[in-house]
Amino acid sequence: MPVRPSHTSSVQYIFQGNGVLATWWRRCSSEMRIRGSLVLLMHVLLCLVSGAYSGRTSSYVRNEFPSDDIPLEHESLAVPKGHNAPQQVHITQGDYDGKAVIISWVTALEPTRSEVFYGEQEKHYDRKAKGRMTNYTFYDYRSGYIHHCLVDSLEYNTKYYYKIGTGDSAREFWFQTPPAIDPDAPYTFGIIGDLGQTFNTLSTLQHYVKSGGQSVLYVGDLSYADKYEDNDGGRWDSWGRLVERSTAFQPWIWNYGNHEIEYMPDLGETSTFKPYLHRYATPYLASKSSSPMWYAVRRASAHIIVLSSYSPFVKFTPQYKWLKKELKRVDREETPWLIVLMHVPMYSSNDAHYMEGESMRVAFEEWFIKYDVDLVFAGHVHAYERSHRVSNVDYKVTSGSRYPVPDESAPVYITVGDGGNTEGLASRFNDPQPDYSAFREASYGHSTLQLKNRTHAVYQWHRNDDVKHVLADKVVFHNQYWESGTRRRRLKKKRHLRYESL
């Protein structure tokens with residue numbers, strides 16, 4: 001019997017995928033067909049009520065493709081022309097609601113003014129913003145001069161042109177601000193993780209920039225500089241130049257991974273996250289966070305929460321207390337789509353890093369269900385996997401079910417640690433495929449999430465099939481708040497409380 005794709009309805013599967021039933025259907029009389037249809041309908045309903053899911057492990061086997069790192073002399077890593085020209089340009093959201101950006105860049109040779117000239121017409125820059133400059137050393141590596149400049153008080157849904165640098169070394173780019181916060185504001189996010197800087201990485205980026213994505217949700221593990229001898233800081237620079245084709249033109253919402261920890265006591269480096277924190281700014285203060293490692297932003301119709309897998313998150317820690325408050329701040333009447341980013345997946349059936357996210361699941365899964373989180377994106381595992389809506393909140397180690405169960409109040413968990421890193425693919429999955437896993441494949445790729453309105457979103461995962469990208473997984477998601485009845489129950493409760501107070 002063929003395996004049912006997760007996005008195909010149970011009825012379609014029964015008639016199209018089962019040869020025995022198809023033959024029976026053709027031979028039956030009309031009366032028998034009616035009776036048979038009723039029986040099959042009851043079967044489908046029972047499956048839906050009992051949560052009888054069937055998952056799919058893709059049979060696709062990826063052809064060999066260069067997985068070595070891109071040589072430093074490759075054109076995709078080229079230093080821009082001009083003396084001390086700005087390089088590694090990247091932007092991220094600069095405030096809570098999408099009316100500001102942080103523009104960052106590096107000047108390799110000498111310090112310059114941290115200034116951005118910008119305006120709404122190309123080559124006509126009638127405004128200027130000033131920022132700050134920093135640098136750092138790591139063992140025998142000394143960074144260039146890193147600039148971060150906040151450009152705020154922007155208009156929604158507006159294209160801005162900007163220039164950094166001066167004279168022959170000046171460089172010009174543009175970005176588009178999101179639509180105003182609104183429950184029906186359409187918007188398309190790209191979701192990428194674990195990029196590194198291989199030829200597979202380059203393929204992912206080339207495919208993504210053609211996808212129509214307007215902003216990237218990045219789930220950690222950037223340059224993989226820690227994989228090189230003496231933690232080669234120059235590979236942070238080459239990675240910044242590689243991704244500039246996208247990061248200079250649209251905000252990437254950053255999260256970090258284990259390869260950004262860079263705790264190297266044998267090299268005399270005993271602090272953590274030093275290169276990442278110097279290079280990649282986040283608007284954490286805007287969401288009242290005490291750390292750039294966890295924060296939140298609102299963009300179009302989405303509320304995005306970024307969590308730190310490698311910072312303390314148990315009860316009474318700063319991250320725990322912040323998340324508890326932030327979830328209460330979410331207004332689903334304004335931003336119906338609630339999305340969480342983390343690096344280590346809570347649900348994964350891959351042998352690689354198996355169960356590493358279990359402690360965070362125990363800490364936060366109940367909250368995700370209580371607040372109707374729609375989607376949780378993670379990386380870390382170098383493969384793709386999407387779950388059904390399941391939960392395991394009843395498991396108490398010594399009591400309760402040990403296995404996840406269907407739960408329509410739960411988010412969908414998606415692992416996208418397949419950007420192209422040098423460590424290769426995680427090709428070994430648990431066998432048999434667990435019930436909570438809907439689709440999985442060990443390939444490189446990227447995802448897009450198209451928010452259509454307050455009720456529906458179209459999600460797609462694109463496999464990198466070398467020189468072309470292939471749509472390998474597609475799902476229409478229904479919003480957990482607007483489609484589940486949660487909104488009706490809350491409005492009813494509010495009306496009841498209002499009547500009681502009269």
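Which residue is the bridge partner of I192 in β13? In this predicted model, the bridge partner of I192 in β13 is Y218. This pairing belongs to the surroundings of strand β12, which are described below after an overview of the chain.

The protein chain contains nine helices and 26 strands. Of its 502 residues, 55% are buried. Among the contacts in the protein chain with a separation of 6 or more, 70% are made by residues 24 or more positions apart. The mean pLDDT of the protein chain is 88, and 84% of its residues reach 70 or more. Over residues 1–25, however, the pLDDT is below 50, and this stretch has 37 contacts in the model beyond near neighbours in sequence. Residues 39–52 also have a pLDDT under 50, and for them the model has 10 contacts beyond four places in sequence.

Strand β12 comprises residues 187–192 and is mostly covered, with six of its six residues buried. In a regular strand, side chains alternate between the two faces of the sheet. In β12, Y187, F189 and I191 point one way, while T188, G190 and I192 point the other way, and all are buried. The strand has partners that run in opposite senses relative to it. Strand β24 (residues 445–451) is antiparallel to β12 and is joined to it by five bridges; within this pairing, F189 stands opposite L449. Strand β13 (residues 215–218) runs parallel to β12, and four bridges join the two. The I192 and Y218 pairing is found between β12 and β13.

Burial is also a feature of helix α4. This helix spans residues 199–208, and eight of its 10 residues are buried, so α4 is largely enclosed by the rest of the structure. The buried residues are N200, T201, L202, S203, T204, L205, H207 and Y208. The N-terminal end of α4 is capped by T198, which places a side-chain oxygen 3.1 Å from the backbone nitrogen of N200.

Aromatic side chains form a further set of contacts. The count of aromatic pairs comes to 32. In one of these, the ring centres of W236 and Y280 are 6.1 Å apart and the planes lie at 40°; the pair is therefore tilted, since an angle that is neither under 30 degrees nor over 60 falls in that class. The pair links distant parts of the chain: W236 belongs to helix α5 (residues 234–247), whereas Y280 lies in the loop between α6 (274–279) and β15 (295–299), 44 residues away. W236 and Y280 are both buried. Another tilted pair is formed by W252 and W254, with 5.5 Å from centre to centre and 40° between the planes. W252 has a relative accessibility of 0% and therefore counts as buried. W254, at 1% relative accessibility, counts as buried as well. Ring pairs link these residues into a cluster made up of Y218, W236, W239, W252, W254, Y256, F273, Y276, Y280 and Y310. Y218 thus appears both in this cluster and as the β13 bridge partner of I192.

Aromatic rings also meet charged side chains. The charged end of K99 sits over the ring of Y156, at 5.4 Å from the ring centre. K163, in turn, lies over the face of F117, 5.7 Å from the centre of that ring.

Notes:
Residues are numbered from 1 along each chain as its sequence is written. This is a predicted model: local features need pLDDT of at least 70, side-chain atom pairs count only at pLDDT 80 or more; totals for chains, interfaces and linings use all residues. Side-chain values use heavy atoms; hydrogens and water are left out. Buried means under 20% relative accessible area, exposed over 50%, partly exposed in between (1.4 Å probe, protein chains only). A polar contact is a pair of N or O atoms within 3.5 Å; within protein, one must be able to donate a hydrogen and the other to accept it, and residues adjacent in sequence count only if both atoms are side-chain atoms. Rings of Phe, Tyr and Trp (its six-membered ring) pair if their centres lie within 6.5 Å; planes under 30 degrees apart count as stacked, over 60 as edge-to-face and the rest as tilted. A charge sits over a ring if NZ of Lys or CZ of Arg is within 6 Å of the ring centre and within 35 degrees of the ring normal. pLDDT is the predictor's confidence in each residue, from 0 to 100. Contact means heavy atoms within 4.5 Å. Two strands pair if DSSP finds at least two bridges between them.
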